[in-house]
Amino acid sequence: MYESDYVRSDALFQDIIRHSGNPLLADRASAMLLSQLGLTRHYTEAFELANRLAARLPEVTDTKVRFSLLLNLSQSLGLAGQTDLAVRYARMAMADAAAGEEACFSASSLVQALSSGHRLKPASPELQQAVDVCSAAKVPVYSADLQLTLADLYLREGQPRKALALLDQVASEINANGYTPNKLAALVCRAQALAAIGDDDDARTAALVVIAAGPSGDFGVWLKDIYEVLYHIEKKQGHTAAALDYYEKYATLDKAYLDDVNARAMAYQTVQQHVLAQKLETESLSRQNALLRMRQTLDAKTAETNRLYLALLLMVLISVVLWMFRLKRSQLRFKKLSHQDGLTAIFNRQHFMSEVERSLRLLERRAGTACLVFIDLDHFKHINDTHGHAMGDEVLRQVVMASKQHLRPVDLFGRLGGEEFGILLVDCTRAQGMAIADRIRLAVEATVVECEGVTIAISTSVGLAFTDTYGYDLQRLCCEADAALYRAKRGGRNRVAADVECGIPAEA
Ligand SMILES: Nc1nc2c(ncn2[C@@H]2O[C@H](COP(=O)(O)OP(=O)(O)OP(=O)(O)O)[C@@H](O)[C@H]2O)c(=O)[nH]1
């Protein structure tokens with residue numbers, strides 16, 4: 001790079017950065033590459049690299065590498081016209097610098113940053129500090145350069161004689177260090193100062209030496225200043241053709257210089273805009289991600305809430321179904337109880353009658369036969385009176401149980417009141433009805449209910465009425481069954497009596 005073989009140095013820097021596998025070496029190579037990209041006017045790449053290196057700075061712990069990065073960052077940001085940043089990095093480098101050369105380099109870098117931002121005055125403490133540090137560190141090239149900067153400042157402030165005095169003062173030092181750029185810079189400054197005091201011949205001589213040296217690259221800017229000096233001298237002396245010639249050269253170089261300044265500023269802005277766009281894109285992506293995550297969380301919560309609602313709904317539904325089931329069950333129980341006789345658990349009178357009525361309607365429709373049986377216990381009052389009411393109840397229960405044994409599931413059985421019961425024998429002929437009634441009578445008679453060691457004698461009288469005789473009218477059938485029962489009682493009790501029209505024996 002110092003030999004200006006930038007193609008080879010670029011390849012080597014890139015190789016170290018990509019393949020060394022050593023972050024320290026890669027950072028050092030990057031810092032040098034940054035400087036080279038500025039020298040070769042690859043400003044966009046330079047500022048992109050500067051951004052990357054600035055971001056890496058906090059991770060760089062090696063003091064030498066960090067120092068080198070800071071110096072090169074300051075230099076390249078100064079090129080971009082970013083004086084504040086350039087000053088900041090230079091000051092950071094000064095803070096990190098070891099005494100000696102590093103102190104000189106960083107102090108000079110600060111002077112350079114301030115100078116490129118036109119913030120330097122001959123009396124600026126930064127300049128004096130840099131001069132002191134560099135002379136103490138014995139870095140002649142830098143010391144001379146700083147003195148030349150000061151001479152240049154005198155010149156700009158309209159003090160050409162002071163500039164000339166300083167140039168005379170450092171001339172031997174510059175000659176001694178043999179550094180050509182120092183020498184040429186001194187000549188440029190001298191030519192400008194001499195021209196300013198009207199010493200045109202000496203100014204021209206100094207200027208022509210610079211032109212003869214043919215400075216190139218970064219130092220080409222001196223030619224611009226030199227041609228400007230020569231233009232003014234020739235113009236003043238009335239050498240119009242020569243003045244015009246110098247002016248054209250000056251104008252061309254000045255334009256190139258301004259173009260370069262603009263190119264740097266533009267490249268810097270382009271890179272910053274690119275970085276900003278990337279940052280915005282990243283921010284927008286992370287916002288989208290955050291939004292996506294929020295949406296996912298929300299979806300999960302919604303699903304959970306839906307599950308909860310569903311569970312709640314299911315529980316409510318189950319509770320309602322359970323409640324309805326219990327309600328129905330208790331309704332059915334109450335209904336059953338309301339249809340039952342409390343003592344014997346057979347139909348009560350009301351339900352028995354309505355069921356008989358319903359059955360008769362069905363039988364009538366299909367011309368079926370049925371037999372209505374009325375049963376009345378004999379001398380039940382006597383049982384109650386003799387053995388007590390509780391015993392009477394027991395007798396009633398036993399009688400019901402005994403009678404049930406002779407009935408089919410289709411038959412209807414109910415308590416009509418007191419010790420009187422009714423039975424509807426469905427699809428039953430006369431003969432069958434008589435036979436069943438008699439079997440019931442015998443079963444009651446055979447029922448054994450004991451009270452205090454004494455068997456209670458039970459008997460019953462039975463009256464029957466048949467649909468094939470009286471039709472399906474309930475009232476009529478009841479009347480006839482009752483009449484038959486009455487006849488059974490009158491006939492001496494413990495017997496079965498059928499309706500009068502019955503062809504078979506009316507009483508069994
Ligand atoms: N233990 C008990 N006795 C009842 C019940 N219902 C009615 N009785 C009694 O049944 C008796 C019926 O008597 P009666 O109508 O005179 O008839 P009976 O004594 O059986 O005489 P006959 O029917 O003519 O043989 C009365 O003493 C009633 O108090 C009941 O639920 N339990």
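**Chat about helix packing**

Me: Leu-110: buried or exposed?

Reply: Leu-110 is buried, because 25 other C-beta atoms lie within 10 Å, and the cut-off for buried is 20 or more. Keep in mind that this is a predicted model.

Me: Where is Leu-110 found?

Reply: Leu-110 belongs to helix H6, which covers residues 101–116.

Me: What is Leu-110 in contact with, leaving aside its neighbours within four places in sequence?

Reply: Its partners are Val-87, Ala-90, Arg-91, Met-94, Glu-126 and Ala-130. For the pair Leu-110 and Ala-90, the C-alpha atoms are 5.0 Å apart, with the two positions 20 residues apart along the chain.

Me: Which residues of H7 are buried?

Reply: Glu-126, Leu-127, Ala-130, Val-131, Val-133 and Cys-134. Two of the partners of Leu-110, Glu-126 and Ala-130, are thus in that buried set.

Me: And what do the buried residues of H7 pack against?

Reply: Helix H6 and helix H8, the latter being residues 140–156.

Me: What span should H7 have at 1.5 Å a residue?

Reply: H7 has 13 residues, 125–137, so the expected span is 18 Å. The end C-alpha atoms are 18 Å apart, which agrees.

Me: What follows H7?

Reply: Lys-138, with a positive phi near 60°.

Me: Back to H6. At what angle does H4 pack on H6?

Reply: About 15°, with the axes of H4 (residues 63–79) and H6 9 Å apart. That makes H4 roughly parallel to H6, because the angle is under 35 degrees. The crossing of H4 and H6 is left-handed.

Me: Which residues make the contact?

Reply: On H4, Phe-67, Leu-71, Ser-74, Gln-75 and Gly-78. On H6, Glu-102, Phe-105, Ser-106, Ser-109, Gln-112, Ala-113 and Ser-116.

Me: Next pair. How do H9 and H10 pack, in angle and axis distance?

Reply: H9 (residues 160–177) and H10 (residues 180–197) pack at about 160°, and their axes are 10 Å apart. H9 is therefore roughly antiparallel to H10, since the angle is over 145 degrees. This crossing of H9 and H10 is left-handed.

Me: Which residues of H9 and H10 make that contact?

Reply: H9 supplies Pro-160, Arg-161, Ala-163, Leu-164, Leu-167, Ile-174 and Asn-177. H10 supplies Asn-182, Lys-183, Ala-186, Cys-189, Arg-190, Ala-193, Ala-196 and Ile-197.

Me: Where does Gly-198 lie?

Reply: Gly-198 is in the loop between H10 and helix H11 (200–213).

Me: Gly-198: buried or exposed?

Reply: Exposed, because 10 other C-beta atoms lie within 10 Å of Gly-198 and the cut-off for exposed is 12 or fewer. The C-alpha atoms of Gly-198 and Ile-233 are separated by 8.7 Å, the two being 35 residues apart along the chain.

Me: Changing topic: what does UniProt list for residues 308–327?

Reply: An unreviewed UniProt entry lists them as "transmembrane region". In the model the span is 100% helix and 0% strand, and its end C-alpha atoms lie 28 Å apart.

Me: How many helices and strands does the protein chain have?

Reply: The protein chain has 19 helices and seven strands. Of its 508 residues, 35% count as buried.

Me: What share of contacts joins residues at least 24 apart?

Reply: 60%, taken among contacts between residues at least 6 apart in sequence.

Conventions:
Residues numbered from 1 in each chain as written. Predicted model: local features only at pLDDT ≥ 70, side-chain atom pairs only at ≥ 80, totals over all residues. UniProt positions renumbered as here; feature names shortened; annotations may be inferred. Helix = DSSP H or I, 4+ residues; strand = E, 2+ residues; numbered from the N terminus. Expected span 1.5 Å × (residues − 1). Contact = placed C-beta atoms within 7 Å. Axes fitted to C-alpha atoms, helices over the stretch in contact; angles between N-to-C directions. Parallel < 35°, antiparallel > 145°, perpendicular 65-115°, else oblique. Left-handed = near helix turned anticlockwise from the far one by under 90°.
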